[in-house]
Amino acid sequence: MEKVNISIDAIVYENLSELTKEDKMLFDKAIEAREKAYAPYSKFKVGAALLLETGIVVTGNNQENAAYPSGMCAERIAIWKAASDYPGVSVKKLVLTAASKETQVKTPVPPCGACRQVLYEYEFNQKEPIQIYFMGETGKIIKVESLNSLLPFSFDSTFL
Ligand code: THU
């Protein structure tokens, strides 16, 4: 028997003013996308911005549906938009923000499990890490260096 310990490194920024110009610009885009989300049921709007290796920024937001499970998260919309329009182009960064109509979201909101798995597919294929920055509407920002950090013991195509 062997005990293993998996730990991840994260950076916590106090607020947006601690970020680089590029990262602030990505948050501006994610906020813009967030405000256009279609979330009449949860009232919880999420915006995502992806920075591609070419410098192009692709955004996405959550799209809900009266048949609840038919809705989709911002991250998957953004990554599938990118994969669909720019196949084979590496993703450098994913920036995320969430805001609710019910309460002010002050805690950083990370990607859900299903989004982690979908995003990981592309990180695995591109063989370069995707940095992830996530926040609520205000407050701290958490940055991790890769999808792999958010998804240890990940499942990929090599298992098939
Ligand atoms: N949501 C996202 O867009 N991304 C996540 O990672 C978590 C949840 C959306 C889905 C749904 O429209 C709303 O937030 C509430 O769960």
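Begin by selecting Y120 and F124 in this predicted model: both residues sit in helix α3, and because they are four residues apart there, about one helical turn separates them. Their rings form an aromatic pair of the tilted kind, with 6.1 Å from centre to centre and 45 degrees between the planes. If you colour by accessibility, Y120 counts as buried at 8% relative accessibility, whereas F124, at 27%, counts as partly exposed.

The structure holds three aromatic pairs, and another of them is worth selecting next, namely Y41 with Y68, which is also described as tilted, at 5.5 Å centre to centre and 40 degrees between the planes. Y41 belongs to the loop between α1 (21-35) and β2, while Y68 belongs to the loop between β3 (57-61) and α2, so this pair ties together parts of the chain that are 27 residues apart in sequence. Y41 is partly exposed, its relative accessible area being 37%, and Y68 counts as exposed at 61% relative accessibility.

Now turn to the charged side chains and select K93, together with E22 and D23. How many salt bridges does the structure hold? There are five, and those that share partners join E22, D23 and K93 into one network. Between E22 and K93 the closest N and O atoms are 2.8 Å apart, and this salt bridge links distant parts of the chain, since E22 is in helix α1 and K93 in strand β4, 71 residues apart. The salt bridge between K93 and D23 has an N to O distance of 2.7 Å; with K93 in strand β4 and D23 in helix α1, this pair ties together parts that are 70 residues apart in sequence. Are K93 and D23 buried or exposed? Both of these residues are buried, K93 having 11% relative accessibility, while E22 counts as partly exposed at 37%.

A further salt bridge can be found by selecting K143 and E145, whose closest N and O atoms are 3.5 Å apart. Here K143 counts as buried, at 11% relative accessibility, and E145 counts as partly exposed, at 38%.

For the interior, select L50, L94 and I132, which are the residues with the most contacts inside the largest nonpolar core, a set of 26 residues. The elements that give two or more residues to this core are the strands β2 (44-52), β4 (91-100) and β5 (131-135) and the helices α2 (74-85), α3 (113-126) and α4 (147-150). A second, separate core has 11 residues, among them L19, F27, L51 and Y133.

Keep L94 selected and display its surroundings. Leaving aside neighbours within four places in sequence, which residues are in contact with L94? They are A48, A49 and L50, then E75 and L119, and finally I130, Q131, I132 and Y133. Note that L50 and I132, which appear among these contacts of L94, are also named with L94 as having the most contacts inside the largest core, whereas Y133, likewise in contact with L94, is included in the second core.

Finish at the surface by selecting V4, I6 and F153, which make a nonpolar patch of about 370 Å². Within this selection, I6 lies in the segment before β1 (10-13), and I6 is partly exposed, with a relative accessible area of 49%.

Definitions and conventions:
Residues numbered from 1 in each chain as written. Predicted model: local features only at pLDDT ≥ 70, side-chain atom pairs only at ≥ 80, totals over all residues. Heavy atoms only, no water. Core = buried A, V, L, I, M, F, W, Y, C linked by side-chain atoms within 4.5 Å. Buried < 20%, exposed > 50% of the residue type's maximum accessible area, 1.4 Å probe, protein only. Contact = heavy atoms within 4.5 Å. Patch = residues over 30% accessible without salt bridge, like charges linked within 9 Å, V, L, I, M, F, W, Y side chains within 5 Å. Areas by Shrake-Rupley, 256 points an atom, 1.4 Å probe, with all protein chains shown as cover. Salt bridge = Lys/Arg side-chain N within 4 Å of Asp/Glu carboxyl O. Phe/Tyr/Trp six-rings, centres within 6.5 Å; stacked < 30°, edge-to-face > 60°.
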